[in-house]
Amino acid sequence: MDAKRHIMLLELKLEREHASRVMAEKLLEVKSRELFATNHILETSLEKLRLQAELDSEQLTYQTKIENLLLTYARLFLKQPPSRNNIQQLIESLVDGRYISACYISIMPIENITISGDYCSGRQQQWQPPADLLNKVSLWEPNTQLYWIALINSRGLVGYFAARISRPKNTLHIIQQRLALFCELFRSAIGRQITLSQAIHARQRAEDSEQSTRDFLAMINHELRTPLNGLLGSAELLQDTQLDPNQHKLLTTLNHSGELLRAIINDLLDYSKINAGMLELIEKPFDSHLLVIKLRDIFSHCALEKRLDFSIDYDTDIPRSIRADEDRLKQIYVNLIANAIKFTQQGFVRATFSWVNNYLIFTVQDSGCGIEKQQQHKLFKPFSQVDISSKRSHEGTGLGLAICKQLCEQMHGDITLSSEPNKGTIFSVSLPLAISTLDETLSNHPPVTHKALQKLKILVVEDLKTNQMIIQLMLQKHNIGVTIVDNGLAALDIIAKQAFDIVLMDCRMPIMDGYCATKTLRKQQFKKPIIALTAGTTTAEREACINAGMDDILCKPYMASELLAMLNLWCNTTPRPSQP
């Protein structure tokens with residue numbers, strides 16, 4: 001019994017062990033299958049990771065390449081404007097054969113821009129932008145794999161950009177972003193070139209306009225002053241002839257009209273020169289006391305005719321020798337005194353000079369009609385007068401006070417006004433002036449001696465018959481011999497045959513002008529004084545005379561006394577040194 005029981009227990013044990021072994025084998029088979037499946041998944045994932053790493057590396061390489069290109073061409077376009085060559089190189093550099101297979105840029109024709117046209121990488125293709133591109137700025141065409149971008153700046157549409165993209169699907173957005181950056185680079189480069197071109201042409205137009213203004217002023221200056229020289233010169237010569245009362249009255253009218261015309265011409269030309277930046281101050285020492293005497297002489301007769309109480313007073317502490325542009329100072333004072341006399345029918349006109357803290361203070365007060373306060377702002381505006389109606393009783397262009405104000409500002413001074421209707425007006429001018437330490441202003445020029453001038457041999461080079469006649473009569477009146485030729489070439493011929501002590505040279509003449517004739521004479525070692533006869537009054541025209549070799553300038557219209565003073569000044573000068 002015990003043996004059977006023991007065998008039965010062994011059999012049960014074996015069955016359990018067999019069942020356990022079968023179960024273990026089944027479990028092992030299941031685990032092996034699971035391990036195989038897991039291993040397959042891992043291998044698939046590993047392959048995917050490897051492919052993704054390769055893709056990321058390519059994208060990183062591509063992005064690095066694009067960024068380097070962007071940086072290189074951005075620097076290039078900042079240093080120099082885009083050219084056809086570097087634009088073509090750029091679009092070819094964008095093509096890599098993997099992501100972008102072709103590129104195209106079209107720049108529309110723009111004035112003064114040389115890079116307009118079509119640029120295409122590789123073989124020629126037909127690139128036609130979509131009709132609705134402008135509405136969307138950029139557009140992707142899946143069928144053709146073309147990505148279009150409109151190049152738009154402040155001027156509007158300036159061109160198109162297109163790229164054919166052969167890409168993995170998930171790289172499209174990245175490529176489009178990089179291409180958008182290049183389009184921004186193109187827009188900026190084209191915009192800068194347009195701005196630069198506009199600036200260059202605007203500057204050229206401004207320079208041309210400025211030069212045209214200068215040329216016009218020089219021309220109109222000459223054309224107006226030259227005939228005025230004949231008019232005023234003829235009137236001056238007529239004064240020394242026998243005239244009956246009616247003729248003398250007509251001559252007085254002629255003189256008055258001529259002087260009025262000269263004042264108008266001077267005002268117009270001076271104002272134009274100031275606006276064109278052509279008026280420059282010529283500062284030199286002058287006698288301030290003598291200036292006061294000149295002003296008295298100019299206006300005493302005019303004030304006496306109107307029976308006005310006229311006076312000019314100056315403080316004794318005003319420096320005798322002052323350095324400034326005397327002509328422009330006198331122009332300010334003459335304008336203000338003339339206005340005071342013109343608008344004062346009865347009563348007084350009083351002018352005073354004083355010196356305060358290195359400022360020359362000039363004040364002119366009158367008892368005239370005065371000016372309404374609301375009208376006073378018009379006085380310093382050009383071509384503006386309080387009364388501009390056809391009934392006005394006063395002549396003038398309305399430029400005098402505008403010129404005075406601008407001259408004061410150019411001298412770093414100030415002009416002020418105080419006025420009440422029917423009580424009069426006070427103008428005050430304050431100018432900072434330098435005291436001159438030179439005594440040259442106090443030494444008068446040697447007096448004009450006609451006997452010395454009568455020994456001179458004078459050559460006048462002048463093309464206009466009227467001016468020839470005027471200057472000949474002015475000189476013959478004092479028994480001064482003169483030879484006249486009508487152009488620079490004739491002057492060269494006659495100087496080669498005869499000796500002359502002084503040459504009076506017109507600047508604008510046919511065949512050969514005065515500048516060329518003077519330069520030629522100086523090259524030929526002609527050392528005698530050459531005086532310019534010119535209607536030009538700008539600094540540039542004066543410099544042209546001096547640079548040509550002329551010694552001094554006599555501006556038209558000139559009086560006989562000015563002509564004689566100029567001859568007297570140069571008749572005994574030391575000859576010029578020889579030119580190297």
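This passage looks at a helix pair and the small sheet beside it in a predicted model.

Start with the helices. H6 takes in residues 288-305 and H7 residues 326-342, and the two pack with their axes 11 Å apart. The angle between them is about 25°; since angles under 35 degrees count as roughly parallel, H6 and H7 are therefore roughly parallel to each other. As for handedness, the crossing of H6 and H7 is right-handed.

On the H6 side, the contact is built from Leu291, Lys294, Leu295, Ile298, Phe299, Cys302 and Ala303. H7 answers with Glu326, Lys330, Tyr333, Val334, Ile337, Ala338 and Ile341. Sorted by character, the residues of this contact come out as 11 nonpolar and three charged, with no polar ones.

Then there is the sheet, an open one of three strands. Its order is S6-S8-S13, and the pairing is antiparallel. Strand S6 (284-287) and strand S13 (434-435) sit at the edges, each pairing on one side only. S8, made up of residues 321-324, runs antiparallel to S13 and is joined to S13 by two bridges. Within this part of the sheet, Arg323 stands opposite Ala434 of S13.

What ties the two parts together is H6, which packs on the sheet and touches both S6 and S8. The direction of H6 makes about 60° with that of S6. H6 thus has two sets of partners: helix H7, and the sheet through strands S6 and S8.

Notes: Residues are numbered from 1 along each chain as its sequence is written. This is a predicted model: local features need pLDDT of at least 70, side-chain atom pairs count only at pLDDT 80 or more; totals for chains, interfaces and linings use all residues. Side-chain values use heavy atoms; hydrogens and water are left out. Axes are lines fitted to C-alpha atoms, for helices over the stretch in contact, and angles run from 0 to 180 degrees between N-to-C directions. Helices (H or I, at least four residues) and strands (E, at least two) are DSSP runs, numbered from the N terminus. Angles under 35 degrees count as roughly parallel, over 145 as roughly antiparallel, 65 to 115 as roughly perpendicular and the rest as oblique. A crossing is left-handed if the near helix is turned anticlockwise from the far one by less than a right angle, and right-handed if clockwise. Contact means heavy atoms within 4.5 Å. Ala, Val, Leu, Ile, Met, Phe, Trp, Tyr, Cys and Pro count as nonpolar, Asp, Glu, Lys and Arg as charged, and the others, Gly among them, as polar. Two strands pair if DSSP finds at least two bridges between them.
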